[in-house]
Amino acid sequence: MPELPEVEVVRRGLQPAVFGATVRAVEVRDGRALKRHAGDALDFVDRIEGAVLGEPQRRGKFLWIPFDADFALMAHLGMSGQLLVRPVGSLDERQLRVRMRIERGGGALELRFSDQRLFGSLAVDRLLPSDDGELLPSQVGHIARDPLDPAFDVDAVVQRLRASGRNIKALILDQQLVSGVGNIYADEALWRARLYWGRPGRSISVAKLRELLGHVEQVFQDALAEGGTSFDALYVNVNGESGYFSRSLHVYGRQGEPCDRCGTAIVREKFMNRSSYFCPRCQRGR
């Protein structure tokens, strides 16, 4: 599933194409792609056609494009959702679900939503004041800030992590505590911090937790520099191109391979119907 770096790559790619553009026409080819929209496909079309799109925004893994001051076109990529910017008349993707013709400065493009597995969605959502003072889509109001957010409060997050008996990986995956982190980047940040994923939050020092959050931020930055992580064609940027951070992963998906730091074989353990990868020497704590 796309995590923060992948969604941020898409947001940055959308910016020059959609900011200030007018939605001239909308074609919903598969209503299942609107499952988070409160109305039907006709309602979605009525609300978005004619809208002048603002600057794309993101919180955690959620992406939206505000319009008309009170509303936003919200996108959640799910497992395989793709927001693509294409020339008008270009070949359709096999899993094309929604097509929007947008115009800016006399030129026209198509903003397309493609989704193979249909876990992602588009929706028109109302913008509401959140508890932290920002206008957010109603479906995003519960999502915490992420470590790339200038207003991210490291000390407050550390206090919440220290107050919990849950394992540290589950904590940093909790989107109401720290947003944007998924399985891949959790494993990578924990490896960088030399922390075993199963340690309870309350057993970790304040200094170590601050270090871990710093590694989360840095692994996000490193992944952004390489366009995100792609293991297949499901995640691509707005031009259909894959990211290359998979070449730089230290533990995720590397079961049995030598640790880049000490040479010990990487271990895989079951975690919440998924997997955790770690170095048993560098990340002791079981």
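A residue counts as exposed when its relative accessible area is over 50%, as buried when that area is under 20%, and as partly exposed in between. The structure discussed here is a predicted model, and these classes help in reading several of its loops.

Ala69 offers a starting point. With a relative accessibility of 61%, Ala69 belongs to the exposed class, because the value is over 50%. This residue is placed in the loop between strands S3 and S4. The phi angle of Ala69 is near 70 degrees, which is a positive value in a residue other than glycine. Leu118 also has a positive phi, of about 60 degrees, although it is not a glycine. Its place is in the loop between S7 and strand S8 (121-129). Leu118 has a relative accessible area of 14%, and it is therefore buried, the value being under 20%.

A third loop residue, Thr264, lies between helix H6 (206-225) and strand S10 (267-271). Its relative accessible area is 23%, so Thr264 is partly exposed. Beyond its neighbours within four places in sequence, Thr264 is in contact with Glu257, Pro258 and Cys259, and also with Cys279, Pro280 and Arg281. For one of these partners, Pro280, the separation from Thr264 is 16 residues in sequence and 7.4 Å in space, taken from C-alpha to C-alpha.

The strands come next. Strand S5, covering residues 81-87, is mostly covered, with 5 of its 7 residues buried. S5 pairs with strand S7 (residues 107-115) in the antiparallel sense, over 7 bridges. Within this pairing, Gln82 has Ser114 in S7 as its bridge partner.

The interior spaces may be considered now. A search of the whole structure finds 1 cavity of 30 Å³ or more. The largest cavity holds about 40 Å³ of space. Its lining consists of Leu63, Ile65, Leu73, Ala75, Leu83, Leu111 and Leu122. Two elements, strand S3 (62-67) and strand S4 (71-76), give two or more residues each to this lining. In terms of class, the lining of the largest cavity comprises 7 nonpolar residues, with no polar and no charged ones.

The second largest pocket contains about 370 Å³ of space. Its lining is made up of 18 residues, and those nearest its centre are Gln57, Arg58, Arg59, Asp149 and Pro150. Helix H1 (4-18), strand S2 (57-59), S3 and strand S9 (135-137) are the elements that give two or more residues to this lining. The lining of the second largest pocket divides into 8 nonpolar, 2 polar and 8 charged residues.

The nonpolar cores complete the picture. In soluble globular proteins, nonpolar side chains tend to be buried together. The largest nonpolar core of this model has 33 residues, among which Leu161, Ile168 and Leu212 touch the most other members. Helix H3 (154-162), helix H4 (168-173), helix H5 (183-193) and H6 are the elements that give two or more residues to this core. The greatest contribution is that of H6, with 7 residues. Ile168, leaving aside its neighbours within four places in sequence, is in contact with Leu161, Leu190, Tyr196, Trp197, Arg199, Gly201, Ile204, Leu209 and Leu212. A second, separate core has 31 residues, including Ala21, Phe44, Ala51 and Met100.

Methods
Residues are numbered from 1 along each chain as its sequence is written. This is a predicted model: local features need pLDDT of at least 70, side-chain atom pairs count only at pLDDT 80 or more; totals for chains, interfaces and linings use all residues. Side-chain values use heavy atoms; hydrogens and water are left out. On a 1 Å grid over the protein atoms alone, a cavity is a set of points where a 1.4 Å probe fits but cannot get out, and a pocket is an open set with protein on both sides within 12 Å along at least five of seven lines; lining residues have an atom within 4 Å of a point. Grid points are joined across faces, edges and corners, and a volume is the space filled by probe spheres set on the points. Helices (H or I, at least four residues) and strands (E, at least two) are DSSP runs, numbered from the N terminus. Ala, Val, Leu, Ile, Met, Phe, Trp, Tyr, Cys and Pro count as nonpolar, Asp, Glu, Lys and Arg as charged, and the others, Gly among them, as polar. Buried means under 20% relative accessible area, exposed over 50%, partly exposed in between (1.4 Å probe, protein chains only). Contact means heavy atoms within 4.5 Å. A nonpolar core is a set of buried Ala, Val, Leu, Ile, Met, Phe, Trp, Tyr and Cys residues joined through side-chain atoms within 4.5 Å. Two strands pair if DSSP finds at least two bridges between them.
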